[in-house]
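Please examine the sequence and the three-dimensional structure shown here. The explanation below is written for a reader who meets this protein for the first time.

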Amino acid sequence: MAPQYAPSLRSRLPPIAFLLETVFILFFVFYVDVSYVHSIRFYAEFQDVHVMVFMGFGFFSTFLVRYGFSSSGFSLLVAAMAVQWAIVVQTLLHLPYLGRMRLTIESLVFAEMSAASSLIAMGVVLGKTNPVHLLLMSLMEVAGFTLNHWLLQTLLKVKLQHSLMLLHIYGAFFGIMTSWTLGKGIEPRHEKEKSDRKMALFSLFAQINIICSTYLSMAVSAVTAIAISVLSNPRGKINMLHVQSGILAGGVAVGATMSTFPLPWVAMAVGLSAGIMSTLGSIYIKPLMQIVFKCHDTCSILSVYGIPGILGWFVRLFLQLANSDSTTVAVRFAAYHITILLITLASSVTLGVITGVILKLKIWRPPQDRKCYDDQAFWEFPHLAERK
């Protein structure tokens with residue numbers, strides 16, 4: 001039965017959406033041009049990232065039995081808005097130096113990577129928020145991630161690919177701190193926070209098709225996740241959510257170290273570690289965070305993205321130290337590498353708290369507990385309409 005008295009978003013969502021799109025269009029009129037010279041290499045990367053953002057993340061969170069429409073639909077809404085906003089923020093940061101920005105495939109790749117970071121953060125609060133919350137959250141997250149990326153490149157001269165691979169860590173901890181600040185008082189196990197067999201299969205399909213270049217790591221993490229899931233279950237059965245988390249964790253962990261792998265076995269070892277951490281995190285860390293810190297993580301984002309992302313970042317550090325011939329150079333690189341991570345964590349945590357404070361305002365009409373994790377609070381179902 002559809003939840004009664006669900007708060008209408010008619011006076012919130014359409015005005016905000018139309019206002020943002022109007023501002024974006026006017027901004028593009030005055031400050032953005034299109035470049036007609038594109039690199040084939042970046043076009044291939046754009047295709048991979050585009051599929052990951054608009055298909056992978058949408059299906060990743062469809063495991064909730066009564067929240068499939070919202071999981072995929074809200075992911076589309078957030079991703080489409082975040083891509084436009086990322087281009088605007090990029091242009092604002094480079095406006096004093098370059099003037100009008102020329103839109104290229106490379107800039108679109110960066111915009112979609114920024115959108116991916118906001119979708120990671122969205123996974124923490126999914127089901128407990130409305131689309132207005134998610135839009136505002138994505139605006140804050142994309143602005144923070146883009147600014148952090150610009151600071152790392154400008155002040156610390158961090159390479160583009162390395163600063164971009166921090167998106168998993170930034171999005172995960174931003175979302176965790178937003179959820180903690182919101183303090184949504186949902187009981188440890190909400191009655192509607194359940195997985196569906198068919199939707200879990202769609203979710204698993206999305207993870208398998210996200211990243212092909214990390215095949216070995218994801219293969220090992222998948223096997224590891226299944227083994228840990230069987231060991232942790234009193235009846236010795238496999239949990240599909242553990243499998244999907246483990247597969248993705250292997251890809252996340254190897255992402256930051258992909259350019260420094262000397263041998264294939266290193267990727268496999270990273271996948272093994274990520275699979276163990278992710279599966280155990282989903283089983284033990286997620287409920288512990290909710291009970292002790294009142295921080296609810298719907299999609300186990302900390303275990304799937306945050307912890308494996310930090311693991312991959314330190315693996316890259318150890319590989320660089322192992323290949324260094326000078327102790328002085330090794331120490332300097334370690335300090336430099338850890339500083340980059342600490343700046344990213346500080347930025348994501350601080351902005352996440354600020355965003356949580358903003359989202360707690362009653363003006364955004366947050367859903368009540370009994371209406372969480374339910375598509376019928378936001379979507380139309382003609383076959384369930386009452387006939388008069």
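The following paragraphs go from the overall composition to individual helices, loops and residues, and then to the internal cavities.

The model is a predicted one. Its secondary structure consists of 13 helices and 2 strands. The protein has 388 residues, of which 51% are buried. Among the contacts with a separation of 6 or more, 84% are made by residues 24 or more positions apart.

Helix α5 is a convenient place to begin. This helix covers residues 131-155, and its 25 residues reach 36 Å from the first C-alpha to the last, close to the 36 Å expected at 1.5 Å a residue. At the N-terminal end of α5, Asn 130 serves as a cap, with a side-chain oxygen placed 3.0 Å from the backbone nitrogen of Val 132. Just after α5 comes Lys 157, with a positive phi of about 55°. Lys 157 takes this positive value although it is not a glycine. The residue belongs to the loop between α5 and α6, the latter formed by residues 160-164. Because its relative accessible area is 62%, above the 50% limit, Lys 157 is classed as exposed.

A second loop residue can be described in similar terms. Lys 294 is located in the loop between α11 and α12, where α12 spans residues 301-322. Its phi is near 55°, a positive value in a residue other than glycine. With a relative accessible area of 57%, Lys 294 is exposed.

Helix α7 comprises residues 167-182. Its 16 residues should span 22 Å at 1.5 Å a residue, and the end C-alpha atoms are 22 Å apart, in agreement with that value. How many of the residues of α7 are buried? The number is 14 of the 16, so the helix is largely enclosed by the rest of the structure. After α7 comes Gly 183, with a positive phi near 55°.

One residue of α7 gives a view of these surroundings. Thr 178 lies in this helix and counts as buried because its relative accessibility is 0%. When neighbours within four places in sequence are left aside, Thr 178 is in contact with Met 137, Gly 352, Thr 355, Gly 356 and Leu 359.

Helix α10, made of residues 240-255, contains Val 252. At 5% relative accessibility, Val 252 counts as buried. The C-alpha atom of this valine is separated by 7.3 Å from that of His 168, although the two residues are 84 residues apart along the chain. His 168 is also among the residues in contact with Val 252 once neighbours within four places in sequence are set aside; the others are Val 304, Tyr 305, Pro 308 and Gly 309.

Two charged residues in helices deserve attention next. Is Glu 112, a residue of helix α4, buried or exposed? Its relative accessibility is 4%, and Glu 112 therefore counts as buried. The side chain of Glu 112 forms a polar contact of 2.8 Å with the side chain of His 50. Beyond its neighbours within four places in sequence, Glu 112 is in contact with Phe 46, Val 49, His 50, Val 53, Phe 54 and Val 83.

The other charged residue, Lys 286, lies in helix α11, which runs over residues 264-293. Because its relative accessibility is 17%, under the 20% limit, Lys 286 counts as buried. Its C-alpha atom is separated by 9.3 Å from that of Cys 299, a residue 13 residues away along the chain.

Cys 299 leads to the internal cavities. The structure holds 2 cavities of 30 Å³ or more, and the largest has a volume of about 60 Å³. Which residues line this largest cavity? The lining consists of Phe 57, Phe 60, Ser 61, Ser 75, Leu 119, Met 122, Gly 123, Leu 126 and Cys 299. At least two of these residues are supplied by each of α2 (40-60) and α4 (105-125). The largest share, 3 residues, comes from α4, the helix in which Glu 112 is also found. By type, the lining divides into 6 nonpolar residues, 3 polar residues and no charged residues.

How values were computed:
Residues numbered from 1 in each chain as written. Predicted model: local features only at pLDDT ≥ 70, side-chain atom pairs only at ≥ 80, totals over all residues. Heavy atoms only, no water. 1 Å grid on protein atoms, 1.4 Å probe; cavity = no way out; pocket = protein on both sides within 12 Å on 5 of 7 lines; lining within 4 Å. Points joined across faces, edges and corners; volume = space filled by probe spheres on them. Helix = DSSP H or I, 4+ residues; strand = E, 2+ residues; numbered from the N terminus. Nonpolar A, V, L, I, M, F, W, Y, C, P; charged D, E, K, R; others polar. Buried < 20%, exposed > 50% of the residue type's maximum accessible area, 1.4 Å probe, protein only. Polar contact = N/O pair within 3.5 Å; in protein donor to acceptor, adjacent residues only side chain to side chain. Contact = heavy atoms within 4.5 Å. Expected span 1.5 Å × (residues − 1).
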